[in-house]
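Q: Please give me a close look at one aspect of this model, its salt bridges. I would like to know which residues take part in them, where these residues sit, and how far each is covered.

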Amino acid sequence: MENENSSLPAAESKRNPAASYLSGLGSASSRTTLGHCLNQIAKTLGQDGYESADWSKLKRCHWQKVQNELKLRGCCGATINLYLNAFKAVAREAWSIDQLPQTAYLKIRSIKSTQYERLPKGRSLSVTECRLLLEACADGSNQGARDKAIFAVMMGCGLRRAEIVQLQMQHWDCLSRSFQFVGKGNKERQVFLPKSFDKCIDDWLIVRGLQSGVFFPRMRPGANPNKFLFHHMLPSSIYKILSKRADFAGLGKIRPHDLRRTFATRMLEGGADVFLLQQAMGHSSAATTARYDYRSNDMRKKTCRSLLF
């Protein structure tokens, strides 16, 4: 390890690699998350935030200080690796614009990720739980039709909540019963709606209409809860909608990503291989996709509980 000062100098008046890196990210949620990481890294290294730090002085020893701070805060391996990815990405950006020497960049690039293995978080909904969630939306209101269609697309196509709120009418192809859109990571993909959810979408489009604009609009605030405001919902709104409907259905706590996990599990149960599922979910790595397989827990429980001694 280099015997260098573990603080990072303040930036001079020149292009900021951290800001440049963040501006190149395709997802607003990624920019927010990684911007927070870079701010915390800069503060750990003695600056007010990523905009005031001189990233051209970044060195491998700086990561050791950041990593120690994260461990003191009790951060898990996944969080530490997220910060490391942000650290490396800024180093790469600084090197690419001739601010960071190649030797310093190569030393940073060689830092190994934290090795860890944890049981998967969240859960996959059973077929019965999926049915109860959809039934909880059948209250005769326009909002109920919208919420039911949202859950159908999330469970049936595996969309993230940030992707759901960005869907436009032009993304829907009625003939192929599919959505084609650009999602997280600036990846374009086409997802196909299961036949069992056709009616959910058809009923929703009767209520919504076929005009262009956001596919799942906000509800207009005020006295009439059945009027739409054709503006994008916030991703956080999906969490609130799901919590409300899941509570009404008596399903306990369900997170939006659990619907994506449900999609993955149903696909694998239906015979899809991991690489086909990887394409459907828009993952860069099959290893990431494999973490969405919740069949193993149920199969292991069933097998172990039936053992005879």
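A: A residue is called buried here when its relative accessible area is under 20%, exposed when it is over 50%, and partly exposed in between. The model is a predicted one, and a search of the whole structure finds 14 salt bridges in it.

One of them pairs Arg-177 with Asp-202, whose closest N and O atoms are 2.8 Å apart. This pair links distant parts of the chain, for Arg-177 lies in the loop between strand 1 (172-173) and strand 2 (178-182), whereas Asp-202 belongs to helix 9 (residues 198-208), 25 residues apart. Asp-202 counts as partly exposed because its relative accessibility is 33%, a value that falls between the cut-offs of 20% and 50%. Arg-177, by contrast, counts as buried, because its relative accessibility is 15%.

A second salt bridge joins the side chains of Asp-54 and Lys-57, with 3.3 Å from N to O. Here the acidic partner is the buried one, since Asp-54 has a relative accessibility of 2%, while Lys-57, with a relative accessible area of 38%, is partly exposed.

A third salt bridge brings together Arg-266 and Glu-269, 2.8 Å from N to O. Both residues lie in helix 11, three residues apart, which is about one turn of the helix. An α-helix has 3.6 residues a turn, so residues three or four places apart point the same way. Arg-266 is partly exposed at 29% relative accessibility, and Glu-269 is likewise partly exposed, with a relative accessible area of 47%.

The helix that carries this pair is itself mostly covered, as ten of its 14 residues are buried; among them are Arg-260, Arg-261, Phe-263 and Leu-268. At 1.5 Å a residue, helix 11 (residues 256-269) should span 20 Å, and its end C-alpha atoms are 21 Å apart, so the two values agree. Helix 11 is followed by Gly-271, which has a positive phi, near 105°.

Returning to the pair within this helix, Arg-266 and Glu-269 are three residues apart. Elsewhere, salt bridges that share partners join Asp-139, Arg-146, Asp-147 and Arg-245 into one network.

Notes: Residues are numbered from 1 along each chain as its sequence is written. This is a predicted model: local features need pLDDT of at least 70, side-chain atom pairs count only at pLDDT 80 or more; totals for chains, interfaces and linings use all residues. Side-chain values use heavy atoms; hydrogens and water are left out. Helices (H or I, at least four residues) and strands (E, at least two) are DSSP runs, numbered from the N terminus. The expected span of a helix is 1.5 Å times one less than its number of residues. Buried means under 20% relative accessible area, exposed over 50%, partly exposed in between (1.4 Å probe, protein chains only). A salt bridge is a side-chain nitrogen of Lys or Arg within 4 Å of a carboxyl oxygen of Asp or Glu.
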